[in-house]
Amino acid sequence: MLAKSVNFSRTTITELMIPSYANFGGKIHGGILLSLMDKVAYVCASKHAGTYVVTVSVEGVNFLQPIEVGQLVSLHASINYVGRSSMVVGIRVIAEDVRTGVQKHTNTSYFTMVAKDDEGKPTEVPPLSLETKEDTRRFLEAIKRKELKTTYAGEFDNEKTRMKLEENLHLLKNERCIVSEEVQSS
């Protein structure tokens, strides 16, 4: 299977933010943005894989700045990492005020997509040709994120198993919650 470059599947989708996309606060609804991000991740990953792909996880969805009605939103996607059947798509979201030309970075996220064959089973994807230092850095960062995610998941599962409610109630002392007498005495 021949390797494909990052540029081969690099994808940008640009969409005008219309009033029906706004939430009750008058800003673009996060769900609209997530849907657009999923769409650009699908296009980018399916171009690389040459097959149907599905979203299996989303990491790093932080809404850094609000997006306004009337702004143009561009979602820039590229393959950052490939496994056997999986791909990590990095997405950078930029909102632009078309009147002033001022742009702002509103989101960066990582979508893990898996290639599927005609029977719906995971299928192998082409290797990724790393042609620049930036391509290589992103690939290495994806490996590090994967390692950290695995470590965190294992540690958190262990902590959940070991956690004794009574021994940890003191952690709630300065939090904004009220623990019932029943919980405190059990």
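**Side-chain contacts in the predicted model**

Phe-156, at 41% relative accessibility, counts as partly exposed. This value, like those that follow, comes from a predicted model. The ring of Phe-156 belongs to an aromatic pair with Tyr-152, and this pair is taken up below together with the other ring contacts.

A search of the whole structure for aromatic pairs returned 3. One of them is formed by Tyr-81 and Phe-139, with ring centres 4.8 Å apart and planes at 45° to each other, a tilted arrangement. This pair links distant parts of the chain. Tyr-81 is in strand β4, which covers residues 72-82, whereas Phe-139 is in helix α3, which covers residues 133-162; the two are 58 residues apart. Tyr-81 has a relative accessibility of 13% and therefore counts as buried, because the limit for burial is under 20%. Phe-139 falls under that limit as well, at 17%, and so it also counts as buried.

Tyr-152 and Phe-156 form an aromatic pair of the stacked kind, with 5.8 Å from centre to centre and 15° between the planes. Tyr-152 and Phe-156 are 4 residues apart in helix α3, so about one helical turn separates them. At 53% relative accessibility, Tyr-152 counts as exposed, because exposure begins over 50%. Phe-156, at 41%, is therefore placed in the partly exposed class.

A charged side chain also contacts a ring. Arg-145 lies over the face of Tyr-110, at a distance of 3.6 Å from the ring centre.

On the surface, Leu-34, Val-58 and Phe-63 make a nonpolar patch of about 240 Å². Leu-34 is located in helix α2, which covers residues 30-49. With a relative accessible area of 33%, Leu-34 is partly exposed. A residue must have over 30% relative accessible area to be part of a patch, and Leu-34 meets this requirement because its value is 33%.

The structure holds 7 salt bridges. Among them is a contact between the side chains of Asp-97 and Arg-99, at 3.1 Å from N to O. The partners in this salt bridge fall in opposite classes of accessibility: Asp-97 counts as buried, at 16%, whereas Arg-99 counts as exposed, at 72%.

Salt bridges were also found within helix α3. The side chains of Arg-138 and Glu-134 meet at 3.3 Å, N to O. These residues are 4 apart in helix α3, so their separation is about one helical turn. Arg-138 is partly exposed, with a relative accessible area of 26%; Glu-134 is likewise partly exposed, with 34%. A further salt bridge joins the side chains of Glu-147 and Lys-144, at 3.4 Å from N to O. Glu-147 and Lys-144 are 3 residues apart in helix α3, again a separation of about one helical turn. Relative accessible areas are 43% for Glu-147 and 46% for Lys-144, so that Glu-147 and Lys-144 are each partly exposed. Salt bridges with shared partners also join Glu-134, Arg-137, Arg-138 and Glu-141 into one network.

Note on methods. Residues are numbered from 1 along each chain as its sequence is written. This is a predicted model: local features need pLDDT of at least 70, side-chain atom pairs count only at pLDDT 80 or more; totals for chains, interfaces and linings use all residues. Side-chain values use heavy atoms; hydrogens and water are left out. Rings of Phe, Tyr and Trp (its six-membered ring) pair if their centres lie within 6.5 Å; planes under 30 degrees apart count as stacked, over 60 as edge-to-face and the rest as tilted. Buried means under 20% relative accessible area, exposed over 50%, partly exposed in between (1.4 Å probe, protein chains only). A charge sits over a ring if NZ of Lys or CZ of Arg is within 6 Å of the ring centre and within 35 degrees of the ring normal. Patches are made of residues with over 30% relative accessible area and no salt bridge: like charges are joined within 9 Å, nonpolar side chains (Val, Leu, Ile, Met, Phe, Trp, Tyr) within 5 Å. Accessible areas come from the Shrake-Rupley method with a 1.4 Å probe; for residues, only the protein chains shown count as cover. A salt bridge is a side-chain nitrogen of Lys or Arg within 4 Å of a carboxyl oxygen of Asp or Glu.
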